[in-house]
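Let's take a walk through this one piece by piece. Keep the 3D view open and find each part as you read.

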Amino acid sequence: MSDTDVTDTDVSEPDAGDAAEADPRHIAAVATLADVLGEAMLDHHSQRGELWVRVHHDSWQRAGYALRDDLGCRWFDFLSAIDWLPSPFGRDMDAEQDWPTSGPPARDTTITHGVAGGETRLQIFARAAAVEGNPGGGNLAVTLKADLPNENPAIETWIPVYAGANWHEREAWEMFGIAFIGHPDLRHIYLPGEFEGHPLRKDFPLLARRVKPWPGLVDVEDMPSTDEPRS
Amino acid sequence: MRGIGMLKGMGVTGRTMLRTLFPDGLRKPVPAPSRGAHTVQYPHVKEAPVTRARGVIGLHHDNCTVCMLCARECPDWCIYIEGHKELAPPRRPGGKPRQRAKIDRFDIDYALCMYCGICVEPRVRVLRAPHRRPAARRRPAGRLDGDGAALRDLRAGRQRQAAQASRSVPAPSPPEHSPVTVLGALVAQNIAFGVIAAIMVFAAIRLVTTRNVVHAALFLVVVLGGVAALFLLMGAEFVGITQILVYIGAVVVLFLFGIMLTRTRIGDEEGTDHAKRLPAVLAAALVATVTIYAVVTGFGDAELPADTRTTTAEVADSIFSTYIVPFEAVSVLLLAALIGAIVIARRN
Amino acid sequence: MWTLAIELAYWQQTAIKLVVVALVIPTAALILGYVFLMKMMSFMQSRLGPMEAGPYGTLQLLADGVKFLQKEDVFPRRADRYVFALAPVVVLVSTFLLYVVLPMGPDAVVSSLDAGLFFVLAVASLSVIGVLMAGWGSANKYALMGGMRAAGQLIAYELPLVLAAIGVVIQAGTLDLNKIVLAQANGELFGWGGMGFPYILTQFLGFAIFLVAVQAELTQPPFDMPVAESEIVGGYQVEYTGFRFLFFFMGEFGTAFAFAGIASVLFLGGWYVPGLDPASGWFNLIGPFVMFIKIMAVSALIFWFRFTFPRLREDQLQKLAWKVLIPLALLNIVVTGVLKVLV
Amino acid sequence: MLLNQFLILSAVLFAIGVYGVLARRNGVLVLMSIELILNAVNINLVAFGSYVSSISGEVFALFVITVAAAEVGVGLAILLLLYRNRRSVDLSEADLMKG
Amino acid sequence: MSVTEREQRAFIAAAAADARVNVELETEGMTLNIGPQHPATHGTLRIIARLDGEQVVAAEPVMGYMHRGYEKLAEVRTYPQVTTLINRIDWLGSFANEVPFILAAEQLMEVEVPPRAAWIRTILFELSRLANIALFLGDMGVQLGALTPVFFAFRDREFVLNQIEAVTGGRFHPNFDRIGGLKDDLPKGWIEETRGVMVKMRTFCDELEDLLMGNEIFEARTRGVGVIPADIALSYGLSGANLRASGVDWDMRRDNPCGLVYDQLDWKVWTHPDGDSFARYWVRLQETREATYMVEQMLDGLPAGPVMAKVPVIIKVPAGEAYVATENPLGVMGYYVVSKGDLGPFRVKIRSASFNNISVTPWVMRGVYVPDVITILASLYFILGDIDR
C-alpha cells in the first residue's frame with residue numbers, strides 16, 4: 001500500500017461498527033500491521049476492546065511473525081476455524097411430527113460472514129495477546145482471520161511462530177479438513193484413527209439427533225366428534 | 001536433609017489424630033472418635049439435603065396441560081410425554097363443553113437426566129408457542145420434588161462395605177530350612193542329610209539341563225540353600241549364615257540382574273546347549289567315578305565326631321590370628337574386583 | 001527355673017514352637033494392619049476407618065482375608081507359571097525365618113542361635129529373590145520396573161541395616177539376641193544400673209539409621225518406589241490376586257512386626273523390664289507382653305513415617321543410602337568401638 | 001554321620017558342574033555352573049574341617065565364598081560388555097581369538 | 001534458590017542428550033504406556049513414554065478418550081441449554097465455566113447486569129476456585145506418595161461445596177447463571193456460614209504448608225523438576241498458575257476484568273521466578289489464601305438490589321461475534337461465541353486452559369525420570385474434560 005493512511009472501510013460490517021470507539025492502541029496496531037503486510041491485510045474491525053484483522057491466506061505466517069515480533073503479542077491463545085455455511089439440518093429442534101404435511105422447511109443456504117467480513121465458506125482464526133508490560137492496564141489482543149479457498153483449504157503452519165499452535169492445527173485439520181503446509185505430524189488428536197469426515201463442518205450430520213426421534217410429541221390431529229363428553 | 005520440615009509434617013498428622021481421638025481437647029481426654037471425625041457413617045446416619053437441592057423431578061398430574069414446554073426445553077431430550085384431547089364439562093351451566101388436554105404418560109429417562117432443573121424453570125420459554133402471553137405465567141406443572149433422600153441415595157458415593165466376618169485363617173506353611181540343631185539324635189541328622197542331598201542333586205541336574213535361564217537361577221538358589229543347610233548340619237553356623245547372606249542374598253540377585261539386563265526372553269531360550277553334548281556327559285561321568293572311587297577307598301567308614309558345633313568367636317579368632325594375611329589379600333582382591341567390574345560394565 | 005510338668009522330647013518342643021510361630025505371624029500381621037493401617041491412619045486423616053465388620057471394625061482384616069481367599073487365582077497368559085507362583089512363597093519364607101531367633105523371653109525363643117542377629121540380617125535379604133521373581137514372572141512392564149527398583153533398593157539398604165546393628169553388637173559383645181537382652185538388663189550407664197541400660201541411650205544414631213533402613217526394607221513411604229501406586233501402579237504386586245496377594249500382604253506386615261521386634265530387642269532392652277531379676281522364670285510369661293508393647297511403640301513410629309511423607313525418587317534414594325546413611329553408620333561404629341575400648 | 005556322605009555328594013555336584021560348564025553355550029549358565037563347582041569344593045572343605053575338628057576348614061570356606069562373589073561380579077561385567085557388542089551372550093560366537 | 005533460565009536449558013539439554021546418546025548399560029528402549037486408565041491422570045489421558053532404563057527419552061500424550069464434541073453440540077442447542085452443557089467441561093470448578101459464556105452472550109446483547117448479581121457471581125467464582133484448587137493441593141501430595149494431604153483436601157473442600165450447593169442447588173453442576181443475572185438470590189444466613197468456611201480453608205492452607213511445602217522430601221522431589229522458562233510457557237499458551245509460576249506477572253482478573261468485580265477489591269497477584277513444579281504448587285497455595293480474603297471482602301461489600309436484569313423471555317442474541325475469557329482455576333478459559341441472531345449460537349469455540357497446559361509436556365518431559373513424569377503432570381494440574389471438551 002503506497003499511501004500511509006489506513007483504509008478502514010469495513011465493508012462487510014454486519015452491525016453499525018462504531019469506529020469512533022476504537023481505542024488508540026488498536027489504531028496503532030492496525031497501522032503497524034498495515035505497513036508490515038501491505039495490501040495483504042484485507043479488513044479489520046475493533047469493538048468492545050477486541051481487535052479483529054483479516055489477512056490474505058498466503059501471508060498467514062508473515063502476519064503471525066508480525067503479530068509476535070512487531071506487536072509483542074507473545075502469548076498464543078488459540079487457533080481454530082469457522083464454517084460459515086448455514087446448517088442444512090437447521091437446529092434439529094423440530095421433529096418430523098411437526099411438519100407432517102409440508103415436509104422440512106426450506107433452509108436458506110446463503111453464506112453470510114461475521115465481523116471483519118470474509119469471502120469463502122471456511123475461515124481460520126487465531127488469537128494472541130501481549131501479556132507483559134503494564135499490569136492492570138489491560139493488554140493488546142489481536143484475532144487474526146484468513147479465508148481459505150473452497151476447493152482444497154490449505155494454509156501455512158504457525159508452529160515456527162508459536163510452538164503451541166501444533167495441537168490446535170491438528171484439531172483444526174481433524175475437525176474442518178484444513179491442510180497445514182509444513183506441519184510435522186498431522187494426525188487425529190481427538191478422534192479415533194480411522195475416522196473419516198470432518199465433524200465440525202456444518203454439513204456433517206449430528207447423529208445423536210438423527211437416531212433418536214424428538215420426544216416433544218405434539219398431539220396434532222383434531223378432536224373426536226364433539227357431541228358428548230367421553231366417559 | 002534438614003529434618004525440621006519433616007518433623008513439622010509429622011506434627012500435623014499427629015495433631016489431626018489427637019483432634020479426632022479427643023474432640024474436646026486434651027484437658028478432657030475422653031476418646032470419642034465418632035464425634036471427632038468429619039465423616040458420617042452413611043447407612044446409619046443420613047445428612048439432610050439442603051432446601052434448594054435439586055432432586056428427582058416429580059409431576060402434579062392434574063395441573064399438567066400437556067403444553068410440551070418442559071420436553072422441548074430439556075437439553076438431554078429425556079422427558080417423554082403423551083397426551084390426548086377430550087371434552088370437559090362446561091365452566092358455566094349451559095355453556096359449550098371445553099376442550100381439555102389430558103396427560104397419559106410422563107416419563108423421564110433418568111439415565112440421561114442431569115437434574116439441571118431447566119424443566120422446572122419459573123420462566124419456561126415456549127419454543128413455538130404463538131406469541132401471546134404464554135400460559136406459563138403459572139408455575140409449570142412439574143415442580144421440584146424436594147425429597148432429597150432419593151437424591152442422596154443416587155448421588156451418595158459411599159458404598160456400604162459388605163463384611164462377612166468368618167474366622168478361617170489360612171494355614172501358613174512351616175519354614176523350609178529351619179536349622180536343625182546338631183545335638184539331636186543321629187537318626188534325625190541322617191534323615192535330614194538324605195532329604196537335603198536329594199533335593200540338591202535334583203536341583204543341580206535341572207540347573208544344567210533347563211532351557212529357561214531364570215529357572216536355572218532359581219535352581220541355583222535351591223542348591224545354595226541346600227549347601228547352607230548342610231553347613232548348619234555340620235555345626236558350621238557362621239559359614240552357613242554367610243552362605244545365605246552372600247550367595248543367596250547377593251550373588252543370585254547379581255545373576256538375576258545379569259539375566260534381565262541381557263534381555264533374555266520370558267520363556268525358554270533356544271541355543272543354550274551345544275549340539276553335541278555326549279562328550280561333556282562322558283567327561284563328567286569319568287570325573288565322578290574317579291573321585292567317588294578315591295573317596296570310598298580312602299575314607300571307608302570314617303565317622304564325623306558327634307558335636308562339631310563351632311561358634312562365631314572361634315572363627316573370628318582364627319581369622320584374625322593364623323589367617324590374617326589371606327584375609328587382607330582377599331579384601332584387596334574384592335576391592336580390585338569391585339573397581340574392575342564397574343570399569344568394564346560402564347561404557348563411556 | 002521351674003520346669004514344665006511333663007518332659008517333652010526335643011523335637012516335640014521344636015514342633016510346638018513352630019506351630020506357635022506359625023500362628024503368631026498371621027495374627028501379628030492382622031493386629032498391626034488393623035491398629036495402624038486401619039485405625040491410626042484414619043484418625044490421622046480425621047475419619048473413622050472401618051466400623052462395619054465386628055465391633056469398631058476389628059474383624060475387617062479377617063473379612064479381607066476371606067475375601068482374598070475366595071478370589072480367583074489369575075495367572076497372566078504370558079507369565080512364567082512356576083516363577084509367578086513361587087514368588088510370594090519365597091517372600092513369606094523370609095518373613096517366617098525372621099521369627100526363628102526373635103526372643104520373647106529367656107526360653108521363649110524357637111532356637112537361640114549363636115549368630116542370631118547375623119541370621120536375621122541374612123534372612124532379610126532373601127525377600128529380594130522373591131520380589132525379583134514376582135517382577136520377572138508376571139510378564140508386565142510395570143511389574144518388571146517394580147522388581148528392578150525393589151532389588152536395587154533392598155540391596156542398597158541392607159548395608160546400613162547391618163552397620164547400624166553392628167554398633168549394638170560391639171557394645172553387647174555377642175551376636176546372640178538373648179545375650180544382648182541380658183547385656184542390656186545388667187549393663188549400667190556411667191555406674192548407675194538402676195533402670196538397666198537399653199542401648200538406645202548410647203546408640204540413638206544407630207537406632208535412627210536402623211529405623212530408616214527398616215522403612216526401606218519394608219518398601220514403605222518415603223521409600224515405596226517398588227509399589228508406588230501413582231507411578232507404576234502397585235509394582236511387582238500388580239498381577240497378583242487372591243491368596244497370593246494375601247501372602248505379599250502378610251509378608252509385608254509380618255516383616256514389619258519382626259523388624260519392630262528386632263529393633264526393640266537391640267535398642268529398647270527386649271523382653272526385660274527394670275525391677276525384676278532378669279534370670280527369673282517369670283519373664284517367660286510377662287516377656288511376650290513387654291515385647292508386644294515395645295513392638296507396638298516402634299511400629300507406631302514406622303507407620304507414622306508412612307502416613308506423613310511423600311516418596312523419594314530412586315536416584316535420591318540411592319544417594320541417601322550411599323552418601324548419608326552408610327558414612328553415618330561407619331562413624332557410629334568407630335565411636336562405639338573407641339568408647340568400648342576406653343570406658 | 002559318615003564323612004563319605006558329604007564327599008560323595010560334593011563329587012556328584014562337582015561332576016554336574018563340570019557337565020554344565022562343558023555343555024552350555026549361554027554365558028550366564030556357564031557362570032552358574034562354575035558356582036556349582038565352587039560350592040561342591042566348599043562342602044568338602046567344611047566336611048574335612050569338622051572331621052579333623054579344626055577351624056581352618058570353615059575359614060577357607062569363607063575365603064572361597066568371597067572369591068566366588070568377586071568372580072561372579074567380574075564375570076557378569078564381561079558378559080554385559082559381550083552382550084553390548086554382539087547382542088547375545090552366546091559364548092560359542094565369541095571366537096574372535098580362535099586362530 | 002532460583003534456577004536461572006540458562007542453567008535450566010543446560011540441564012534439560014544435558015539430560016536429553018544423556019538419555020539419547022549414552023548407552024551406559026546397553027538396554028534398548030522400552031515403551032511404557034502410562035495408560036488411559038492410570039491413577040496419575042485426572043481422567044483418561046494416555047502418555048506413551050519411550051524409556052531408556054528409568055529415563056524418559058520422549059513422552060507423547062494421547063487424548064480424545066473423553067471427547068464429547070461440545071462445540072458441535074452447542075450449535076444445536078439454545079443458550080440456557082448450552083450452560084448446562086459447558087459447566088461439565090471443568091467439573092471441579094464448574095460455576096467458573098458458565099461465567100465467560102454468559103458474559104459473552106450478555107456482551108452481544110448489550111445487557112447491563114445489576115451490581116448485586118455481578119458481586120454474587122464473583123463470590124461463587126472464587127468459591128469454585130477454592131473447591132478446585134483445594135483438591136489440587138491435596139492431590140499433588142498423593143501423586144508424590146503422601147497419603148494424608150488428599151484426605152485433608154476432601155474434608156475441607158466439602159464445606160465449600162456445601163456452601164455452593166446451598167446457593168445453587170447443585171454441588172458440582174450449579175447451572176445457576178442466566179443471561180442477564182442469576183437464577184436466585186442468596187439464602188438467609190448463608191453469608192455468616194461462608195465466613196466460617198473461609199476461616200476453615202485458611203487453616204487448611206496452613207496445615208498443607210506445614211505438611212507438604214516444608215517437607216524436605218517434597219522439595220527434593222519438586223524443586224528443579226519440570227522447569228518451564230517464561231518464553232516457552234508463552235509460546236505454548238500456558239495460563240493461570242502455570243504461567244505465573246514461570247515469572248510472568250499476568251492475571252486476567254486484574255488485567256481485563258470483563259464482567260466481574262475484581263477491580264473493586266484489593267488483592268495481590270502471586271508470581272514465582274523458578275517455573276518448576278515447586279513454584280507451581282507454591283503459587284496455587286498462595287492464590288487459595290488470596291481467594292479466601294477476596295471472598296471475605298466481597299461478603300462485606302455485597303450491594304443490595306435485584307439479581308436479574310430486564311431480559312425478554314425468549315432470548316435471541318443479536319448477530320455478532322464476541323470473545324470473553326476469565327481466569328478460571330485451571331487457567332484462562334474463554335468462549336468465542338458467533339451468533340446469527342437466532343435462539344442458539346452459530347459457532348462456539350471453547351478455549352480451555354488444560355489443552356494448552358498439556359501441550360507443553362512433550363517439550364518439558366525430555367530426559368526426565370519416570371517419577372518426574374508424574375510430578376510434572378501433577379503440578380501442571382489439568383482436568384480431562386478441559387482437554388478433550
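## Two helices side by side in chain E

Start with the residues that touch: Asp139(E), Met140(E) and Gln143(E) in α5(E) meet Ile374(E), Thr375(E), Ala378(E) and Ser379(E) in α15(E). Sorted by character, the residues of this contact split into 3 nonpolar, 3 polar and 1 charged. Keep in mind that you're looking at a predicted model.

Now zoom out to the helices themselves. Two packed helices are described by the angle between their axes and the distance between the axes. Here, helix α5 (residues 115-143) of chain E and helix α15 (residues 370-380) of chain E have axes that come within 9 Å and cross at roughly 175°. Angles over 145 degrees count as roughly antiparallel, so that is the label for α5(E) and α15(E).

## A five-stranded sheet in chain A

Next, hop over to chain A. Strands of a sheet pair through backbone hydrogen bonds, either parallel or antiparallel. In chain A, 5 strands make an open sheet with mixed pairing, and their order is β1-β2-β5-β4-β3. Why do β1 (41-47) and β3 (75-83) of chain A each have one side without a neighbour in the sheet? Both stand at the edges with a single partner strand each, so there's nothing in the sheet on the other side. On average, and ignoring direction, neighbouring strands here are turned by 20° against each other.

Take a look at one pair. β1(A) and strand β2 (residues 50-55) of chain A run antiparallel and are joined by 6 bridges. In that pair, Gln47(A) sits opposite Glu50(A) of β2(A). There's a helix to spot too: α2 (residues 60-70) of chain A lies across β2, β4 (122-129) and β5 (141-147) of chain A, and runs at about 175° to β5(A).

## Where chains A and E meet

How many residues of chain A are in contact with chain E? The count is 36, and they touch 32 residues of chain E. On the chain A side, β3 and α3 (165-176) are the elements that give two or more residues. β3(A) supplies the largest share, 6 residues. By type, the chain A side divides into 17 nonpolar, 9 polar and 10 charged residues.

## A helix in chain C

Last stop: helix α10 (residues 242-267) of chain C. At 1.5 Å a residue, its 26 residues should span 38 Å, and its end C-alpha atoms are indeed 38 Å apart. α10(C) is mostly covered, with 23 of its 26 residues buried. After α10(C) comes Gly269(C), which has a positive phi near 85°.

Terms used. Residues numbered from 1 in each chain as written. Chains lettered and ligands numbered in written order. Predicted model: local features only at pLDDT ≥ 70, side-chain atom pairs only at ≥ 80, totals over all residues. Pairing = 2+ DSSP bridges. Helix = DSSP H or I, 4+ residues; strand = E, 2+ residues; numbered from the N terminus. Axes fitted to C-alpha atoms, helices over the stretch in contact; angles between N-to-C directions. Contact = placed C-beta atoms within 7 Å. Expected span 1.5 Å × (residues − 1). Buried ≥ 20, exposed ≤ 12 C-beta atoms within 10 Å, placed from the backbone. Nonpolar A, V, L, I, M, F, W, Y, C, P; charged D, E, K, R; others polar. Parallel < 35°, antiparallel > 145°, perpendicular 65-115°, else oblique.
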